[in-house]
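Please find my notes on this entry below. They are set out as numbered points, to be read alongside the sequence and the coordinates.

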Amino acid sequence: MKLIYGVLAPLAAAAILVTSAVGQGNGNAAKGKQAFMDYSCYACHGFSGQNGPGNRLVPMKMAQVVFTAYVRNPKSKQMPTYSTKVLTDAQLGDIWTYVRTLPDSPKAEDIKLLKDIQAEVGK
Ligand code: HEC
């Protein structure tokens, strides 16, 4: 029995690693966009993922598992809890994939209008 377990445990661990690695890149951004709208993420995080009362989601630095864990158990009561009954891990993977396609906003020094104004008022 011990021998079987010794062989199976590493295999199971490898399987988990493989499936989670696939999970990282397997999300569907189009479905994620739909879910982002349907489940009101946009209402607090904005269509751009970086405005509204919720935190900025762009650029997304969380790994998919961290993102999923957060949405299941947000830090404050300002964000609703999304259980597995509401959104599956796969759906959250789609949302995570979609958020990662959203472009970051430009840096202040890259905004021409801002530079023009600064030049005009002499900084
Ligand atoms: C009613 C407003 C509201 C809605 C709806 C909402 N959020 Fe949030 N979200 C927040 C607020 C406020 C925070 C920051 C603190 C907290 O956790 O409450 C946050 C934080 C987050 C964070 C952590 C960001 C970070 O870097 O700290 C993630 C990820 C996130 N939300 C994802 C989502 C997703 C995905 C959805 C939709 C399924 C969603 N949120 C819907 C309000 C909301």
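What pLDDT does the chain average, and what share of the residues score at least 70?

1. Confidence. The model is predicted. The chain has an average pLDDT of 86, and a score of at least 70 is reached by 79% of the residues. Among the elements, the lowest mean pLDDT, 52, belongs to helix α1 (residues 2-25), while helix α2 (residues 29-38) has the highest, 98. Residues 15-23 fall below a pLDDT of 50, and this stretch has 3 contacts in the model beyond near neighbours in sequence. Where pLDDT is low, the predicted coordinates should not be read in detail.

2. Overall make-up. The chain contains 6 helices and 0 strands. Read from the N terminus, the order of elements is α-α-α-α-α-α. Of the 123 residues, 18% are buried. Taking contacts between residues at least 6 apart in sequence, 66% join residues at least 24 apart.

3. Gly27. Is G27 buried or exposed? G27 sits in the loop between α1 and α2. This residue counts as buried because it has 22 C-beta neighbours inside 10 Å, the cut-off being 20 or more. Leaving aside residues up to four places away in sequence, G27 touches G32, G93, D94, W96 and T97. From G27 to Q64 the C-alpha to C-alpha separation is 9.8 Å, with their positions 37 residues apart in sequence.

4. Ligand surroundings. Which residues come nearest to the ligand? Around the ligand there are 21 residues, of which C41, C44, G54, S76 and M79 come nearest. Helices α3 (41-45) and α4 (64-72) each contribute at least two residues to this shell. The most is given by α3, with 4 residues.

5. Character of the shell. How many residues of the shell around the ligand are nonpolar, polar and charged? The division is 14 nonpolar, 6 polar and 1 charged. For this count, Cys and Met are nonpolar, and Gly is polar. Of the nearest residues, C41, C44 and M79 are thus on the nonpolar side, and G54 is on the polar side.

6. C-terminal helix. How many buried residues does helix α6 (residues 112-120) have? The count is 0 among its 9 residues, so α6 is hardly covered on the burial criterion. Just after α6, G122 adopts a positive phi of about 65 degrees.

Notes: Residues are numbered from 1 along each chain as its sequence is written. This is a predicted model: local features need pLDDT of at least 70, side-chain atom pairs count only at pLDDT 80 or more; totals for chains, interfaces and linings use all residues. pLDDT is the predictor's confidence in each residue, from 0 to 100. Two residues are in contact if their C-beta atoms, placed from the backbone, lie within 7 Å. A residue is buried if 20 or more other C-beta atoms lie within 10 Å of its own, exposed if 12 or fewer, and partly exposed in between; C-beta atoms are placed from the backbone. A residue is near a molecule or strand if its C-beta atom, placed from the backbone, lies within 6 Å of it.
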